Amino acid sequence: MTTGEIIQRERTRLGLSQEKLAEQVGVSHQAVSKWERGQGCPDISLFPPLSRALELDLDALLSGERKENRFLEGN
């Protein structure tokens, strides 16, 4: 599974539009569209905010294996 496919799958699972995800990450909705279509990849600096927005840990975002975001788990 590509990074773009993971972004699209998780964005859809959360009921987020491309515009809403873009707003949360600080990019344009066109950038999100390009990622999801495989015509580009997010800059490495965007992976932490993407991880938080998609409720995935970085490992899951990069590997395609969904795990709960450790930032959202309690102590």
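Start by selecting Arg13, which is partly exposed at a relative accessible area of 38%. Keep in mind that you're looking at a predicted model.

Now add Glu10 to the selection. Arg13 forms a salt bridge with Glu10, and the closest N and O atoms sit 2.5 Å apart. Show the backbone too: both residues lie in helix H1, residues 3-13, and they are three residues apart, about one turn of the helix. Is Glu10 buried or exposed? Glu10 is buried, with a relative accessible area of just 1%, since anything under 20% falls in that class.

Leave Glu10 on screen and pick Arg9. Here's another salt bridge: Glu10 pairs with Arg9, with 2.7 Å between the closest N and O atoms. Arg9 counts as partly exposed, at 30% relative accessibility.

Next stop, Arg11 and Glu36. Their side chains meet in a salt bridge, 2.6 Å from N to O. Color the helices before you look at where the two ends sit: Arg11 is in helix H1 and Glu36 is in helix H3, so this pair ties together parts that are 25 residues apart in sequence. Which class does each partner fall in, buried or exposed? Arg11 counts as buried at 10% relative accessibility, and Glu36 counts as buried at 11%.

Bring Arg9, Glu10 and Arg13 back into view for a moment, because salt bridges that share partners join these three residues into one network. For the whole model, the count comes to four salt bridges. As background, side chains of opposite charge can pair when their charged atoms come close.

From Glu36, move on to the helix packing. Select helix H2 (residues 18-25) and helix H3 (residues 29-36). How are the two arranged? They pack at an angle of about 110 degrees, and their axes are 8 Å apart. That makes H2 roughly perpendicular to H3, as angles from 65 to 115 degrees get that label.

To see the contact itself, show side chains on both helices. On the H2 side, pick Gln18, Glu19, Leu21 and Ala22; on the H3 side, pick His29, Val32, Ser33 and Glu36, which they meet. Color these residues by type and the contact of H2 with H3 divides into three nonpolar, three polar and two charged residues.

One last view: keep Glu36 selected and switch Arg11 back on. Glu36 is among the H3 residues that meet H2, and the side chain of Glu36 also meets that of Arg11 in a salt bridge.

Note on methods. Residues numbered from 1 in each chain as written. Predicted model: local features only at pLDDT ≥ 70, side-chain atom pairs only at ≥ 80, totals over all residues. Heavy atoms only, no water. Axes fitted to C-alpha atoms, helices over the stretch in contact; angles between N-to-C directions. Helix = DSSP H or I, 4+ residues; strand = E, 2+ residues; numbered from the N terminus. Parallel < 35°, antiparallel > 145°, perpendicular 65-115°, else oblique. Contact = heavy atoms within 4.5 Å. Nonpolar A, V, L, I, M, F, W, Y, C, P; charged D, E, K, R; others polar. Buried < 20%, exposed > 50% of the residue type's maximum accessible area, 1.4 Å probe, protein only.
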